[in-house]
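Trainee: I should like to learn how to read the packing of a protein model. May we begin with the interior and then turn to the helices?

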Amino acid sequence: MLDQSVIQRVLGEALRRGGDFAEVFAEDRRASSARLDDGRVEELTSGRDRGVGIRVVVGETTGFAHTADLSEAGLRAAAEAAGAAAREGGGGVREIALTRQSAPRPYEPTVLPESVDKARKVELLQRADAAARSAGGAITQVSAGYGDIRRRILVANSDGLLAEDDVVRVKFVVTAVANGDTGRQTGYESVGRTMGFEVFDEVDVETVALAAANRALTKLRSRPAPSGLVPVVIGAGRGAVLFHEACGHGFEADAIEKKASVYHGKVGEQVAAPNVTLVDDGTLGRQWGTFAIDDEGRPAQRNVLIENGVLTDYMWDFLRARKAGRPSSGNGRRETYQSLPMVRMTNTYLLAGEEDPAELVRQTPHGVFVAQMGGGQVNTATGDFVFGMTEAYLIENGEITDPLRDANLIGNGPEVLRNIDAVASDFEMAEGGGMCGKNGQQVPVGMGQPTLRISGVTVGGTAA
């Protein structure tokens with residue numbers, strides 16, 4: 001992507017007047033998307049964006065500049081700007097010897113999306129539209145979307161690191177609207193993987209569309225959700241966003257450094273029920289948050305955050321790890337070359353237990369079964385959260401019965417971890433292709449969990 005000798009001179013320029021650390025991050029991003037609304041192609045785009053971000057660290061100060069000018073003159077000017085922002089004075093020249101490093105790629109795509117004709121991508125959308133409408137006459141609106149991205153990155157720094165990665169992701173989404181006596185109800189289904197276009201050898205778009213349509217139809221017969229503190233069973237897969245938001249962000253080292261996390265200073269302490277083991281793993285096969293190296297050039301890792309209920313470690317980026325005198329955990333990520341890296345999750349999940357998922361429900365006389373969580377808000381300093389339930393059912397006499405209208409789960413992350421009283425063996429990753437937002441930056445993240453039961457969570461329903 002960039003000549004090694006040019007990178008060395010740019011790093012030297014960045015540190016020309018002194019500095020503790022300099023880094024060059026180069027990115028070449030190709031993306032395409034298509035959207036079909038009610039049978040009409042509303043969007044068909046493709047584009048490419050390339051550029052370099054350079055940061056220089058002097059003491060506690062970080063200077064950062066980015067440029068789309070990839071000439072050596074353009075890069076050196078950005079390096080000078082970043083260096084000037086980080087410090088004043090000094091002198092001399094610092095030479096950087098780069099050593100190319102490699103990390104195994106968890107998955108190699110076989111069909112690059114850029115090689116696939118746009119007509120084939122539109123055909124997928126049309127098949128999904130037809131399948132969703134075949135679910136019943138109550139389906140009145142369907143939209144489907146396709147998106148792919150190929151992101152090549154190069155990271156080099158004044159410690160001599162030189163590493164590259166090439167990641168391809170594909171996502172497919174369907175939204176269906178059903179009209180009935182309870183008004184308009186919406187169903188949504190999506191699949192996102194770190195794979196090439198060959199993902200559609202495994203993913204049937206008609207199945208994705210029918211799942212969205214049936215979800216909307218099911219909601220037509222939904223009843224108001226109960227209110228108050230009740231046992232909540234969260235189904236395998238897409239309930240894991242609760243643990244990503246309500247617990248995962250509290251394990252990120254920047255929140256720990258600022259003492260803005262309820263988990264600050266609790267390594268070695270029992271913070272969850274003994275049946276809870278929480279992992280963040282950027283190496284996980286074809287999952288949405290997978291990569292070979294993070295955006296600081298560190299290999300992706302499998303990091304155990306909670307083991308049998310005991311907090312074992314936090315997630316670290318390079319700078320905070322260096323201050324703490326320990327290695328990075330491969331969690332330094334950024335949205336684009338125009339952004340500074342920060343601590344982010346990759347694929348975060350709870351390990352499976354031994355309970356039978358059906359028996360777990362049978363052992364719950366009354367409660368709520370959550371099949372799919374929506375968006376929410378969390379205060380990392382306290383762990384308090386509010387999340388929407390986009391697909392939930394009542395549990396009566398140990399059986400899953402009526403669907404419930406959209407309602408909220410209101411609680412506290414540490415309390416939830418302590419109140420998990422049963423964990424089933426049916427582990428699943430959620431394959432929805434979710435994006436995590438933090439400080440204005442979006443990055444792809446994966447999540448997963450088995451079916452589990454929380455002994456008590458407040459449901460904000462509307463039932464009398």
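Mentor: Let us begin with contact, which means heavy atoms within 4.5 Å. Please bear in mind throughout that this is a predicted model.

Trainee: With neighbours within four places in sequence left aside, which residues are in contact with Leu 242?

Mentor: Leu 242 touches Ile 234, Cys 247, Met 373, Phe 385, Phe 387, Val 416 and Ile 454.

Trainee: How many residues does the largest nonpolar core have, and which have the most contacts inside it?

Mentor: A nonpolar core is a set of buried residues of certain types joined through side-chain atoms within 4.5 Å. Here the largest one has 54 residues, and Leu 242 and Phe 251 have the most contacts inside it. Strand E16, residues 384-396, supplies the largest share of this core, with 5 residues. There is also a second, separate core of 31 residues, which includes Leu 36, Val 191, Val 199 and Val 203.

Trainee: How should burial be read for a single residue? For instance, is Glu 252 buried or exposed?

Mentor: Buried means under 20% relative accessible area, and exposed means over 50%. Glu 252 has a relative accessibility of 1%, so it counts as buried. This residue lies in the loop between helix H5 (241-246) and helix H6 (253-257). Beyond its neighbours within four places in sequence, Glu 252 is in contact with Met 315, Val 343, Arg 344, Met 345 and Lys 438.

Trainee: Where is Ala 225 placed, and is it buried or exposed?

Mentor: Ala 225 is in the loop between H4 and strand E8 (228-234). Its relative accessibility is 1%, and therefore Ala 225 counts as buried. In contrast, Ala 358, in helix H8 (residues 357-362), is partly exposed because its relative accessible area is 38%. The C-alpha atoms of Ala 358 and Leu 242 are 21 Å apart, with their positions 116 residues apart along the chain.

Trainee: Which residues of helix H1 are buried, and what covers them?

Mentor: In H1, which spans residues 4-14, the buried residues are Val 6, Ile 7, Val 10, Leu 11, Gly 12, Glu 13 and Ala 14. Their cover includes strands E1 (21-37), E2 (40-58), E5 (139-157) and E6 (161-180), together with helix H2 (72-86).

Trainee: How do H1 and H2 pack against each other?

Mentor: One compares the directions of the two axes; angles under 35 degrees count as roughly parallel. The axes of H1 and H2 are 8 Å apart at an angle of about 25 degrees, so the two helices are roughly parallel to each other. Their crossing is right-handed. From H1, Val 6, Arg 9, Val 10, Glu 13 and Ala 14 make the contact, and from H2, Glu 72, Leu 75, Arg 76, Ala 79, Glu 80 and Gly 83. By class, the contact of H1 with H2 comprises 5 nonpolar, 1 polar and 5 charged residues.

Trainee: At what angle do helices H3 and H4 cross?

Mentor: The axes of H3 (residues 118-133) and H4 (residues 205-219) come within 8 Å and cross at roughly 40 degrees; H3 and H4 are therefore oblique to each other. This crossing, too, is right-handed. On the H3 side, Leu 124, Arg 127, Ala 128, Ala 131 and Ala 132 meet Val 205, Glu 206, Ala 209, Leu 210 and Ala 213 of H4. The contact of H3 with H4 has 8 nonpolar residues, no polar residues and 2 charged residues.

Terms used:
Residues numbered from 1 in each chain as written. Predicted model: local features only at pLDDT ≥ 70, side-chain atom pairs only at ≥ 80, totals over all residues. Heavy atoms only, no water. Axes fitted to C-alpha atoms, helices over the stretch in contact; angles between N-to-C directions. Helix = DSSP H or I, 4+ residues; strand = E, 2+ residues; numbered from the N terminus. Parallel < 35°, antiparallel > 145°, perpendicular 65-115°, else oblique. Left-handed = near helix turned anticlockwise from the far one by under 90°. Nonpolar A, V, L, I, M, F, W, Y, C, P; charged D, E, K, R; others polar. Buried < 20%, exposed > 50% of the residue type's maximum accessible area, 1.4 Å probe, protein only.
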